[in-house]
Amino acid sequence: MTEETLPATAAADTADAGDAGYRKALKSRHINMIAIGGAIGTGLFLGAGGRLAQAGPALAIVYAVCGLFAFFVVRSLGELILHRPSSGAFVSYAREFMGEKGAYIAGWMHFLNWSTTGIADITAIALYAHFWSFFTPIPQWVLALIALAVVLSLNLVSVKLFGEMEFWFSIVKVAALVLFLIVGVVLLVTQHPIDGHVPGPQLISDHGGVFPAGILPMILIVQGVVFAYASCELVGVAAGETENPKKIVPKAINSIMWRIALFYVGSVVLLAMLLPWDAYSADQSPFVTVLAKLGVPGADSIMNLVVLTAALSSLNSGLYSTGRILRSMSLAGSAPKFTGVMNRNQVPYGGILLTSSVCVVGVGLNYVVPKDAFEIVLNFAAVGILGTWAIIVLSHLLFVRKAKRGEVTRPHFRLPFSPYTEIATLAFLAAVVVLMGFDKTGRITLMALPVIVVALVVGWFVVRKRIDMSAFDKAEAS
């Protein structure tokens, strides 16, 4: 059978053959921490410094706006999860509502995102490790390879081990942020001087206000802030390997909103009231800047460890999710057959190894162009993120339309103000693409778009004759 779309059917009768064989080993605490980990990464720990120096306190507004649309994306995904939990996540939903072409695009854009993000992660890990003199003599590419080998090996053992790693990675990130927020609030309340500056709202008003550099810099940093929220959608993939997703997922997703408000918006507002916005720089974590100017011994080493943990967490999640997504695609014929293979611990190692092989290219980049490796791959990752988010929102929009026709039933956990929310989110994502044209690195991304489109089209013509939905039809009938 070579049908591109599954027959229209009720949610209870639709299934994804790619969900068979997994152990439901992820518990509520794992899912909650994966949701937290997806919302907190190097974009905050490291990237906030450069963006504060570029746009000033207005960064808090950008984090709030981008965070709202990121929440809309993950809330759309949450409703689809309750409609039908699946380890194939947005690929599985794209297949159901957009046909196999939609699933093909969703899957390979996700792969593009996480395979290139994986390169960025191992590059970041190597750079952070070089902070300590012990690792300085070791070449950057060697450290990148070691990081990849360690995380890959642990990812292949079992989903439970993945969940435990992500749980503790997230604990480290959250604990560091909470501790800094407590210290920052104490400094603010006690008016303890930092580098000759008395903390308070006057540091904002006396240094150009909320928009010290004008509106344009605030708009231009939007694309970088969107990247900071990448991976919040991973909770959808993890939901397929937990026993009670309909109870766990809504709580985890709803909590993302207040976490964004507290950790991103709250942190930036606090940072802007502890030091003038121009005291921060792209070369240093803003949290390290504050602690260093306070004279806290070892603060830079502690924060460097936290940022290193965030990069390890991202690499861990990327290998996990692409393995599951590629397996779902493989069973339909739109990904290589070996990516559908599982080991005895029910881990889809074929897809994980494919992602890792692309990351090995990143090891090569670290050998050839160690200074430029990070920026080169981030451009491609940005395209993958926007493509994945757009597919999620489009799938949800088509799902809602089917529900209005009475073909499926929407769960009680719903995206508010649909379909206007989806339309606004798609318009926002399109605006981010346009904004890329005004940024030097963003223009490189736009120039890469035709190449990516051509690769997707050629790839589709190669695999379309292999598309076989019979496994999904059998799953549907069972």
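Which residues form one aromatic cluster with Phe45? Phe180 and Phe287 do, and the three make up the cluster together. The structure is a predicted model, and the sections below take its aromatic contacts, salt bridges, surface patch, buried helix and backbone exceptions in turn.

## Aromatic pairs

A pair of aromatic rings is described by the distance of the centres and the angle of the planes. The structure holds 14 aromatic pairs. Phe167 and Trp168 make an edge-to-face pair, with 5.1 Å from centre to centre and 90° between the planes. The two partners differ in exposure: Phe167 is buried, at a relative accessible area of 12%, whereas Trp168 is exposed, at 52%. Phe167 counts as buried because its value of 12% falls under the 20% limit.

Two arginines are placed over aromatic rings. The charged end of Arg29 sits over the ring of Phe167, 4.7 Å from the ring centre. Arg75 lies over the face of Phe413, with 4.0 Å to the ring centre.

## Salt bridges

Side chains of opposite charge can pair when their charged atoms come close. Six salt bridges are found in a search of the whole structure. In one of them, the side chains of Glu164 and Arg29 meet at 2.4 Å, N to O. This pair links distant parts of the chain, with Glu164 in helix α8 and Arg29 in helix α1 (residues 28-39), 135 residues apart. Glu164 is buried, with a relative accessible area of 18%, while Arg29 is partly exposed, at 34%. Arg29 thus has two partners described here: Glu164 in the salt bridge and the ring of Phe167 under its charged end.

A salt bridge also joins Glu79 and Arg410, with the closest N and O atoms 2.5 Å apart. Here too distant parts of the chain are linked: Glu79 belongs to helix α4 and Arg410 to the loop between α17 and α18, 331 residues apart. Both Glu79 and Arg410 are buried. Arg95 and Glu100 form another salt bridge, in which the closest N and O atoms are 2.6 Å apart. Both of these residues are buried as well.

## Nonpolar surface patch

Ile61, Val65, Val210, Phe211, Ile215 and Ile219 make a nonpolar surface patch of about 430 Å². Helices α4 (59-83) and α10 (215-220) each supply at least two residues of the patch. Ile61 lies in helix α4 and is partly exposed, at 36% relative accessibility. Ile61 can be a patch member in terms of exposure because its 36% is over the 30% required.

## Helix α14 and its cover

Helix α14 spans residues 286-294, and its buried residues are Pro286, Phe287, Val288, Thr289, Val290 and Leu291. Phe287 is also a member of the aromatic cluster with Phe45 and Phe180. The elements that cover the buried residues of α14 include α2 (42-45), α3 (47-55), α8 (159-190), α13 (245-274) and α15 (299-332). Just after α14, Gly295 takes a positive phi of about 80°.

## Ile119 in helix α6

Ile119 lies in helix α6 (residues 100-129) and is buried, with a relative accessible area of 4%. Apart from neighbours within four places in sequence, Ile119 is in contact with Val358, Cys359, Gly362, Leu365 and Val377. Ala48 is 71 residues from Ile119 in sequence, and the two C-alpha atoms are 21 Å apart in space.

## Backbone exceptions

Most residues other than glycine have a negative phi, and most peptide bonds are trans. Gln191 is not a glycine, yet has a positive phi of about 60°. Gln191 is found in the loop between α8 and α9 (202-205) and is partly exposed, at 39% relative accessibility. Gln346 likewise has a positive phi, near 60°, without being a glycine. The place of Gln346 is the loop between α15 and α16 (349-368).

The peptide bond that joins Ser418 and Pro419 is cis, with an omega of about 5°. Pro419 is in the loop between α17 (373-404) and α18 (420-436). Arg410, the salt-bridge partner of Glu79, is also placed in the loop between α17 and α18.

Methods. Residues numbered from 1 in each chain as written. Predicted model: local features only at pLDDT ≥ 70, side-chain atom pairs only at ≥ 80, totals over all residues. Heavy atoms only, no water. Phe/Tyr/Trp six-rings, centres within 6.5 Å; stacked < 30°, edge-to-face > 60°. Buried < 20%, exposed > 50% of the residue type's maximum accessible area, 1.4 Å probe, protein only. Lys NZ or Arg CZ within 6 Å of the ring centre and 35° of its normal. Patch = residues over 30% accessible without salt bridge, like charges linked within 9 Å, V, L, I, M, F, W, Y side chains within 5 Å. Areas by Shrake-Rupley, 256 points an atom, 1.4 Å probe, with all protein chains shown as cover. Salt bridge = Lys/Arg side-chain N within 4 Å of Asp/Glu carboxyl O. Helix = DSSP H or I, 4+ residues; strand = E, 2+ residues; numbered from the N terminus. Contact = heavy atoms within 4.5 Å.
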